[in-house]
Amino acid sequence: MSILETTASILKLMVSRQGGIRIQDVITHLGMPKSTASRVMSQLESYGYLEKDEQQGTFLPGPLILSASHLVSRQLTLSDHVDVALRGLCDRTGYTGYISMLDSQEILVLRVIHGRYALAVVTWPGSRSPAWGTSTGRALLARFTDTQLHDFFASPQVIAQLSGSKLEASELVAAVARTRDAGYACAINESIAETASVSCAVGDPVTQEAVAFCLSFPQALATPEELQRIATLLKETAMTIARKTGDAPLRP
């Protein structure tokens, strides 16, 4: 294994464990001899890739990694990361992409990226709708704690929204729970007729921002196989963005 491969493996191990690692972790998880592990970790520390916490005996990302990360974070916002990734997905699939955020109890569309497939209805930037009624809204609500979710559905605005529908809050809470488990949300012929969408959400722990992004396409194309294919693409993209922003790890 080259020094680049070794460095990448050590950094990936740190990311997967979401914290500092010890030399024993490198030995155990990477199958590296103790003498080699000690030498490599010492070298990476000397070059600034790692920094050792003497009290805990663990290694964390060093000043060089942190400086590079700070440079990237200053240049690209969370929405920028999502925009770049979503444009690639739209080109690849031909579907329409949306980036949205929660604004109070509503979902607010921020950007639309047009695909090759025509939709019966296009939702434009600035459009609002009840968060519980969209796949992007449920993807963002899935990031809430149980307490936050309870407060959301107990808010006067949401109670008023639900009074005009045939849905119960308990059904919607269950739908959010399914989204948490699956790592994505899906909507077929819900808020927009004859349209299907699949959504994921990502956040930036520094700015406390969170946005959802989705691919939307004609309902006629929403076979179980296609829905799963799109969900896999979106989840992989969400995990890539999460690694760049330091967002909490998502379910595979």
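# Reading the sheet and helix 7

Author: This predicted model contains an open sheet of 6 strands in the order 5-4-3-8-7-6, with antiparallel pairing. The edge strands, each pairing on one side only, are strand 5 (128–130) and strand 6 (185–188).

Reader: By what angle are neighbouring strands of this sheet turned against each other on average?

Author: The average is 30°, direction ignored.

Reader: How many bridges join strand 7 to strand 8?

Author: Strands of a sheet pair through backbone hydrogen bonds, in either a parallel or an antiparallel way. Here strand 7 (residues 195–204) and strand 8 (residues 209–218) run antiparallel and are joined by 10 bridges. One bridge partner in strand 8 is proline 218, which faces threonine 195 in that role.

Reader: Which strands does helix 5 touch?

Author: Helix 5 (residues 78–93) packs on the sheet and touches strand 3, strand 4, strand 7 and strand 8. Its direction makes about 15° with that of strand 8.

Reader: Which residues of helix 7 are buried, and why are they on the same side?

Author: In helix 7 (residues 146–154), the buried residues are Leu149, Phe152 and Phe153. They lie on the same side of helix 7 because they cover an arc of only 90° around the axis. Thr147 and His150 are exposed, on the face turned away from the buried side. The buried residues pack against helix 6 (135–141), helix 8 (156–163) and helix 9 (169–182).

Reader: Is glutamine 105 buried or exposed?

Author: Buried means under 20% relative accessible area, and glutamine 105 has 17%, so this residue is buried. Its place is in the loop between strand 3 (96–103) and strand 4 (106–113). Among the residues glutamine 105 touches are Pro130, Phe152 and Val158.

How values were computed
Residues numbered from 1 in each chain as written. Predicted model: local features only at pLDDT ≥ 70, side-chain atom pairs only at ≥ 80, totals over all residues. Heavy atoms only, no water. Buried < 20%, exposed > 50% of the residue type's maximum accessible area, 1.4 Å probe, protein only. Helix = DSSP H or I, 4+ residues; strand = E, 2+ residues; numbered from the N terminus. Arc of directions from axis to C-beta. Contact = heavy atoms within 4.5 Å. Pairing = 2+ DSSP bridges. Axes fitted to C-alpha atoms, helices over the stretch in contact; angles between N-to-C directions. Lists of a residue's contacts leave out its neighbours within four places in sequence.
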